[in-house]
Amino acid sequence: MKIPVPIPAIFGALVFLVLTGLSSKAYSQNIDFGKSYINVTKGLNGGTLENGDVLEIRAAFVVRSGTYDSCSYSDVIPAGTTYIPGTIRVLTNEGKIYKQFSDAQGDDEGWRNGSSIRINLGYNQTASPARWFRRGRVANTHRPSFYGGTCIMIASFRVQITASLGSLISTGGGTMTYKNGSSPIQLFTFPNNIIAVYTNFGMCANAVGTNSLGTEFNGTFGSGPLRNRGVSANVPPSYSYNFFTANTPNDYFYGIANNTSTINAYTTSNAWPKPDGAPLTRRVFSVWDIIGDHTNAASPTAGNPAADTVANKNAGYMLVINASYRIDSAFQQTISNLCPNTYYEISCWMRNICSKCGCDSAGRGSGSSGYIPTASNDSSGVYPNITFEVDGVDYYTTGNILYTGQWVKKGFTFRTGPNQTSFTLKFFNNAPGGGGNDWALDDITVATCGPNLTFTPSNQPVVCDGNVVNLGCYIRSYFDNYNNFKWQRSINSGASWTDVGPASVGTPTPAGGGYEYFVSYPAFVANMSDSGTKYRVVVATTPSNLTDPDCAFDETTSVLTLRVINCGLPLQADFLSFSGRLESGIARLNWTTNKEDGPVQFLVEKSMDGRNFATAATINGNSGNGDINYYNWSEPYSNAATYYRIRLVSGTKQKLSRTVKLAAEKMALGFGSVPNPFTHTLTAEINSPAQGIAHLQLIDNLGKIVRRQQVNLAEGSNQVRLDQVGSLPTGLYTLQIEQGMQRISKRVMKQ
């Protein structure tokens, strides 16, 4: 509620949030309740609720008129948490400490007894004040005061989450007592409220897919020529729609507009004073910001200016909420057609729209003499604090949204269950009531967190006609569940795609704070007709998702287009192996070639991102000496993940090796690139944590070992080859490698 100017009609318009379950009798008695919590640990940044986080449980007791006796608050420390000593308090609506109590019983009005919390309310010494043995009296004129006409007390205590990830904790329950005159003592019980202990992944660290929200113009609230758009079916009945006037939208009202100036004093400028002092105020309550929406703004933080509805007949809308206490969501929607076992970013853009809406515990507004600001140089009052609820469970809170005059993006990452294809999303007001707590909402997003795909040797490789082509792709993601993939090819510029080989499963390994693995396209000899052919990798979290176009990820911007040129006679020299390792702070590369049919050079190319390569060294070939030629090169390691490849050059003819990645992270034994299916030879990239002997074997579908070979692995990336597999029957096999006590396997197909 905002009352910064002395307009008597505003005082009578006060409406407070009452939690579901409060009787109509309580409404007639002008006494209201609300319960919420603040994640103290996550602070202004917000986040999910994790083990170790400190929560401040807050229960509001509000007297809007009249006097009530026997006022008290009782609660139980939630299971899955531990009480933090010395935190039993009564707060003001802005969260400041108004009364501090000890934990002991008998010395003041608040105490802890085992798992029980008790606070006797009412501290006016001239009106039957509370004692440790007696509930007190509270009148609407008592402090903490809201403009002298309403008393708002926030009973609170703090707990620390001890439950493990995946646990559910109830922060609801607890009771308030009160009575009116000679009436019996009334008992109000707060409804249940469930929170999830959930990993705080933040928002998507990788690619973000298409918005699945569906409703309200996919979360943008649409656009149009009118300043006030009209109602939203996604705002629940606990909020009422209203235009922007001098005194509305008031508490528990909302508006949808492209310009938040008042209806009778239209303006597009936000430069007017606060309060603006005009007979017809341009600002709601004479102090609200005058802004436009957020969608497609040139500056995401600044947003769009207030729309000029004369010059712009199609300006974007936003949802504006005037909130107080928690009762129901300010926005809700059931989202269908989601993908199982998939991470989604649930996010939106928000803005605190009032810088001078504060009211201190003495009932003085931000323009009043003696007013104590919310914080140093801050008179914005109660900060918005929003909870994101999924299927009836709280997963994320935004933290306090300070007034900055800018939009801020808030959100978290949620993983659907193994068979989950829908959920209901709600945004709850989680801040205590009173002056302030006014916010705008726009650009709501529910979108998949996909992987990033990087092709090697590049997205547009050039190869010579008649040479062997080796294509590959690094699949990187913050999560390890994008492990199902398949290659596809298009010969009509991407109009349609054909699967190449069977679907396969990769083995993501930790890398750079996320996970990655490498996949190879089956090697082939290029001819001129292949020029212009496009290749891509389709990735998904499950085999069934891989076959669903709506759940498979192909990153349309990451497509490889092959260019084949005529270089004369094919370059006969070829790579037999290429490997790299880190050794005592040195990056060492080794490669071998077959017999070189003339002078050749090797360009060592280096990249820090796997995409953009530069030449690091040029090495002359052995001029055809020997059937097998051995080369090496080294440089000091830069302590950052580095990608290397070798370019073999002979005149106008070129060939590229595969790409190897060297990183100081201790890797586990794992597969990198494994061409699948295989034909005459089976080549595999093996990432080894240490130098040593390993045993490679191929097992048929009946469990029989059909090929076995011993290999020497260097620490880092190695390329190994299993020979004499061309005569094996077609079908599925298991490729297995053992090194020390470690064993890894991968399914492969023989064609």
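Let me start with W349, which sits in strand β24, residues 343-352, where helices (H or I, at least four residues) and strands (E, at least two) are DSSP runs numbered from the N terminus. W349 is buried, with a relative accessible area of 16%; buried here means under 20% relative accessible area, exposed means over 50%, and partly exposed lies in between, with a 1.4 Å probe and protein chains only. If we leave aside neighbours within four places in sequence, W349 is in contact with H294, P300, W407, V408, K409, A440, L441, D442 and D443, contact meaning heavy atoms within 4.5 Å. One of these partners, L441, is 92 residues from W349 in sequence, yet the two C-alpha atoms are 5.9 Å apart in space.

Before I go on, please keep in mind that this is a predicted model, in which local features need pLDDT of at least 70 and side-chain atom pairs count only at pLDDT 80 or more, while totals for chains, interfaces and linings use all residues. Residues are numbered from 1 along each chain as its sequence is written, and side-chain values use heavy atoms, with hydrogens and water left out.

L441 brings us to the largest nonpolar core, which has 39 residues, and L441 is listed with L319, I346, F388, F412, F423 and F427 as having the most contacts inside it. A nonpolar core, to be exact, is a set of buried Ala, Val, Leu, Ile, Met, Phe, Trp, Tyr and Cys residues joined through side-chain atoms within 4.5 Å. Beyond its neighbours within four places in sequence, L319 is in contact with F221, V235, Y254, G255, I256, A330, F331, W439, A440 and L441. Apart from this core lies another, of 37 residues, with I119, A130, Y178 and V197 among them.

A130 also appears among the contacts of L121, which, outside the four places on either side in sequence, include F61, C71, S72, Y73, V90, M153 and M176. L121 belongs to the loop between β9 (116-120) and β10 (136-139), and it is buried, with a relative accessible area of 0%. By contrast with the pair I began with, the C-alpha atoms of L121 and P451, 330 residues apart along the chain, are separated by 54 Å.

A second loop residue is T92, between β6 (89-91) and β7 (97-100). T92 is buried as well, at a relative accessible area of 6%, and, sequence neighbours within four places aside, T92 is in contact with Y98, P144, I154 and S361.

Turning to the chain as a whole, we have 4 helices and 56 strands, and a C-alpha trace that spans about 105 × 65 × 45 Å along its principal axes. Buried residues make up 57% of the 751 residues, and, among contacts between residues at least 6 apart in sequence, 69% join residues at least 24 apart.

What, finally, lines the second largest cavity? The lining residues are F485, G506, T507, Y517, F518, V519, F671, G672, V674 and K746, where a cavity is a set of points, on a 1 Å grid over the protein atoms alone, at which a 1.4 Å probe fits but cannot get out, and lining residues have an atom within 4 Å of a point. Strand β37 (residues 514-520) gives the largest share of this lining, 3 residues.

Conventions: On a 1 Å grid over the protein atoms alone, a cavity is a set of points where a 1.4 Å probe fits but cannot get out, and a pocket is an open set with protein on both sides within 12 Å along at least five of seven lines; lining residues have an atom within 4 Å of a point.
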